[in-house]
Amino acid sequence: MEPYAEIPPSELKRRFDAGEPTAILDVRETWEHELCAIPGARLIPMDDLPARVAELDPKREVIVHCHHGQRSAAVVEWLRRRGIPAVNLRGGIDAWAAEVDPTLARY
């Protein structure tokens, strides 16, 4: 398994539209999640993840996002080293808002 993988917002939307069960992990801070969120995303701030990693299903792919994709890229590498199939949402929630859901607040 390569240490890093990502998908564009359009692929996540395709999965939603196809009704594919999709696990989404938001690693931003609580205040950021309160501003805008992808429906169904689970919030576990990046700094809390080491203590809460057991909450993730190690057999299920998780799509990780942050604001622009840098924090989530680091989290994806960390999760994949632990055997959890994780993929970064390219461009984060900002790209999701710009490309898929313009109703979301951008910050």
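Which residue takes a positive phi just after α1? Keep that one in mind while I get going, and remember that what we have here is a predicted model. The residue is G19, with a phi of about 75°.

OK, let's start with the sheet. Five strands make an open sheet, and the order is β1-β5-β4-β2-β3, with parallel pairing. The edges are β1 and β3, the latter being residues 42-43; each has a single partner strand, so one side of each has no neighbour in the sheet. As general background, strands in a sheet pair through backbone hydrogen bonds, parallel or antiparallel.

Now into the sheet, beginning with β4. β4 runs parallel to β2, and four bridges join the two. One of the pairs there is I24 with I63 of β4. On the other flank, β4 is joined to β5 by three bridges, again running parallel. There, V64 has N88 in β5 as its bridge partner. As for side chains, V62 and V64 of β4 point one way, I63 and H65 point the other way, and every one of those four is buried.

β2 gives us a similar list. A23 and L25 point one way, I24 and D26 the other, and all of them are buried. β2 also runs parallel to β3, with two bridges between them.

How do you get from strand to strand? From β2 you go over helix α2, residues 30-35, to β3, and that makes a right-handed β-α-β unit. Then β4, helix α4 (residues 70-81) and β5 make a right-handed β-α-β unit too.

Next, a residue I'd like you to click on: D26. You'll find D26 in strand β2. Is D26 buried or exposed? D26 counts as buried because its relative accessibility is 0%, and the cut-off for buried is under 20%. Who sits around D26, if we skip neighbours within four places in sequence? The contacts of D26 are H33, A41, R42, L43, I44, P45 and H65. Two of those names come back as bridge partners: D26 is bridged to H65 in β4 and to L43 in β3. On top of that, the side chain of D26 makes a polar contact of 2.7 Å with the side chain of R28. For a bench crowd, that's a nice spot to zoom in on.

Now the helices, starting with α1, residues 9-17. Which of its residues are buried? They are P9, L12 and R15. Those three cover an arc of only 120° around the axis, which puts them on the same side of α1. The general rule behind that: an α-helix has 3.6 residues a turn, so residues three or four places apart point the same way. What covers the buried residues of α1 includes β1 (6-7), β2 (23-26), β4 (62-65), β5 (86-89) and α5 (92-99).

That brings us to α5 itself. α5 is mostly covered, with six of its eight residues buried. The buried ones are G92, I93, D94, A95, W96 and A97. Among the elements covering them are α1, β4 and β5. So α1 turns up in the cover of α5, and α5 turns up in the cover of α1.

Last topic, the cysteines, since somebody always asks. How many disulfides does the structure hold? Zero. C36 is in no disulfide, and the nearest cysteine sulfur, in C66, is 11 Å away. Seen from C66, the closest cysteine sulfur is the one in C36, and 11 Å is too far for a bond. A disulfide, after all, is a covalent bond between the sulfur atoms of two cysteines. Are these two buried or exposed? C36 is buried, at a relative accessible area of 5%, and C66 counts as buried as well, at 1% relative accessibility.

To wrap up, here's what to look for on screen. Find the parallel five-stranded sheet, in the order β1-β5-β4-β2-β3. Then go to D26 in β2, and look for its 2.7 Å side-chain contact with R28. Finish on α5, where six of eight residues are buried. That's me done, thanks.

Key: Residues are numbered from 1 along each chain as its sequence is written. This is a predicted model: local features need pLDDT of at least 70, side-chain atom pairs count only at pLDDT 80 or more; totals for chains, interfaces and linings use all residues. Side-chain values use heavy atoms; hydrogens and water are left out. Buried means under 20% relative accessible area, exposed over 50%, partly exposed in between (1.4 Å probe, protein chains only). The arc is that of the directions from the helix axis to the C-beta atoms. Contact means heavy atoms within 4.5 Å. A polar contact is a pair of N or O atoms within 3.5 Å; within protein, one must be able to donate a hydrogen and the other to accept it, and residues adjacent in sequence count only if both atoms are side-chain atoms. Two strands pair if DSSP finds at least two bridges between them. A crossover is right-handed if, with the strands pointing away from the viewer, the path from the first strand over the helix to the second runs clockwise. A disulfide is a pair of cysteine sulfur atoms within 2.5 Å.
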